[in-house]
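User: I would like to go through the labels used for this model and hear what each of them rests on. Could you take them one at a time?

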Amino acid sequence: MPQRNTVSWNGLISGYVKNGMIKKARQVFDLMPERNVISWTSMVRGYVEERMISEAEALFRRMPEKNVISWTVMLGGLIHEGRIDDARRLYDLMPVKDVVTRTSMIGGLCSNGRLEEAREIFDSMPQRNAVSWTTMISGYAQNGKVDVARKLFEVMPERNEVTWTAMLMGYTRCGRTEDAWDLFKAMPDKPVTVCNTMIMGLGENGEVSKARKVFDLMGERDDSTWSSMIKVYERKGRELEAVSLFRSMQSEGVKPHFPSLISVLSVCASLSTLDHGRQTHAHLIRSKLDDDVYVSSVLITMYMKCGDVVKAKILFDRFSCKDIVMWNSMITGYAQHGLGDEALQVFRDMSSSGIQADDVTFIGVLSACSYSGKVKEGKEVFDSMKSKYKIEPITGHYACMVDLLGRAGQLDEAMKLINEMPVEADAIVWGSLMGACRNHTNSDMAEIVAKKLVELEPKNAGPYVLLSNIYASKGRWGDVDKVRKKMRHKKVSKSPGCSWIEVEKEVHMFTGGERTPHREHKEIVKKWEKLSGMLREAGYNPDGAFVLHDVDEEEKVQSLRLHSEKLAVAYGLMKLGEGVAIRVMKNLRVCGDCHTAIKLIANVTRREIILRDANRFHHFKDGLCSCRDYW
């Protein structure tokens, strides 16, 4: 340029500031032959946006003249850094304050819970706009004073979308979903963003049906609408609805975005629905999101929980720079599959790579040792936590050790460890010992542990059920009846066992007995009767010890026949072609009789069956199980 004026110089500074090139902006600023208030303000703004607050303050103090914009920029910087006292002092020094300045100060004070000061400024404002009103209302709502916020909301001259959202979020944060619902219904217009807020707010408070009602009533939806509803289903344990909604989203031609894809991956991991998981992975590849370390960690977890260890390992090996989450995903995954040697090798590789192990790492490694019977290695890892890694064990690590010792039959040593714990043992620790008492039919210790668990979790059916199992296995039906009477007296109910299997991208659910039969229940029972004949020829004899009723042997066999995992496996054999692995998920621990039966089914039908129960995987193939009958 043959000639440059102040506007030219300011334009260049502004360009550098907007692109985050603060050093270049400062070089130009220092070279300027003549600066005006815009030049100084642009530089102060640049430092504020780059979080270089000290440099911004130093330049602000040097300014020969300041206007209301300069003061407001500096004020906003201090508020953003959480320096509210300094911001308030600067505010009080300001010669002129406009509506933006006052609103900024109100927002800063509200974010720090200083509502009285904020209200004082609000009341003293000569003019207020919608932002001012909304900021004050939002301040009250965010600090739990929703009734005060509502009073202000009612007298507000003109409300906008943000105001309604602030009020609705205030109600849902406090759990006052009825008030939120009534306010939502009173809205003259219901923009998509407000509806999305309502879906998440209602969902977080357990009002899933109302959240879905909002979703269904919406005339227009964006990708966030679908993501919000899917996330609500995922977080509230309604995985089947989440999968169904994701399929509807695809059928309507809505392109899934990152949040919905991550939610669906979590659902696929929970349900062990490998086909849906692979489909979601394909979406991530097409969206070029699969190279993200976080996404890869979620994918590894999904493949591990769906039983595809090979694919999880391929994903893991792709990354040269792995973070702690990725390493932990592999260790935990191997643990769930009972692959102790592989989990320990990943742990050693992790240490060699310079990644510092954390609490989650050791829970994964100790679980792997527990599930694979590596007592010696588990003890060594546990001892190394403090001595080598300087990590103090917490209750989760002690629970793993109790589980390790208990599975190996070292019940007295497990009890000794609990008594010597430096912290109070929680229900998870005692629950680990209770499971070991069940495995080794130690009814005397089980009674002691059960009483402790009942004290800690009086509404948890687990201790009662395990104790019933132990008594039943010993034929102590009178004691079984006493336990049941206690459960009825305390109104404790057992979660029903259910299993599910994915066939042609549809998840089929099965419950024990005939309470909610599958639509093809009769055909499934016929299939099981045919399998039963093959199993008897192979030497299978139903184990009545796993039936909790004092009934004759014929009734026990009938009860065992209708266990949910057996029905799911029978359905898989009916519907899935030769060579296709049968993958079944169960919400509870698989019983011993079902474990024996499914192992034989895999052998006599020459099929690969993968069963994931509440604790771990059981991979049945050629008459063997990956857990080596140690679970």
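Analyst: What follows is a set of questions about helix packing, an aromatic pair and repeat annotations in this predicted model.

User: Why are H9 and H10 called roughly antiparallel?

Analyst: Helix H9 (residues 130-142) and helix H10 (residues 146-155) pack at an angle of about 160°, with their axes 7 Å apart. An angle over 145 degrees counts as roughly antiparallel, and H9 and H10 are therefore given that description. The crossing of H9 with H10 is left-handed.

User: Which residues make that contact, and how do they divide into nonpolar, polar and charged?

Analyst: From H9 come Trp133, Met136, Ile137, Tyr140 and Ala141, and from H10 come Val146, Val148, Ala149, Leu152, Phe153 and Val155. Tyr and Trp count as nonpolar here along with residues such as Ala and Val, and the contact of H9 with H10 divides into 11 nonpolar, no polar and no charged residues.

User: How do you know that H11 and H12 are roughly antiparallel?

Analyst: The axes of helix H11 (residues 161-173) and helix H12 (residues 177-186) come within 8 Å and cross at roughly 160°. Since the cut-off is an angle over 145 degrees, H11 and H12 are therefore roughly antiparallel to each other, and H11 passes H12 in a left-handed crossing. On the H11 side the contact involves Trp164, Met167, Leu168, Tyr171 and Thr172, and on the H12 side Asp179, Ala180, Leu183, Phe184 and Ala186. These residues comprise eight nonpolar, one polar and one charged.

User: What makes H14 and H15 roughly antiparallel?

Analyst: Helix H14 (residues 208-217) packs against helix H15 (residues 223-235) at an angle of about 165°, and their axes are 11 Å apart. The cut-off is again over 145 degrees, so H14 and H15 are roughly antiparallel to each other, while their crossing is left-handed. Val208, Ala211, Arg212 and Phe215 in H14 meet Thr225, Trp226, Met229, Val232 and Tyr233 in H15, a set that divides into seven nonpolar, one polar and one charged.

User: Why is the pair of Phe362 and Tyr389 called edge-to-face?

Analyst: The structure holds 12 aromatic pairs. In the pair of Phe362 and Tyr389, the ring centres are 5.1 Å apart and the planes stand at 70°. Rings pair if their centres lie within 6.5 Å, and planes over 60 degrees apart count as edge-to-face, so this pair is edge-to-face. The pair links distant parts of the chain, 27 residues apart, with Phe362 in helix H23 (residues 359-371) and Tyr389 in the loop between helix H24 (375-387) and helix H25 (395-407).

User: Which residues does UniProt list for "repeat: PPR", and what is the helix content of residues 323-357 and 358-388?

Analyst: The unreviewed UniProt entry lists residues 5-39, 67-97, 98-132, 160-194, 222-256, 323-357 and 358-388. Residues 323-357 are 74% helix and 0% strand, with their end C-alpha atoms 11 Å apart. Residues 358-388 are 84% helix and 0% strand, and there the end C-alpha atoms are 12 Å apart.

Terms used: Residues numbered from 1 in each chain as written. Predicted model: local features only at pLDDT ≥ 70, side-chain atom pairs only at ≥ 80, totals over all residues. Heavy atoms only, no water. Axes fitted to C-alpha atoms, helices over the stretch in contact; angles between N-to-C directions. Helix = DSSP H or I, 4+ residues; strand = E, 2+ residues; numbered from the N terminus. Parallel < 35°, antiparallel > 145°, perpendicular 65-115°, else oblique. Left-handed = near helix turned anticlockwise from the far one by under 90°. Contact = heavy atoms within 4.5 Å. UniProt positions renumbered as here; feature names shortened; annotations may be inferred. Phe/Tyr/Trp six-rings, centres within 6.5 Å; stacked < 30°, edge-to-face > 60°.
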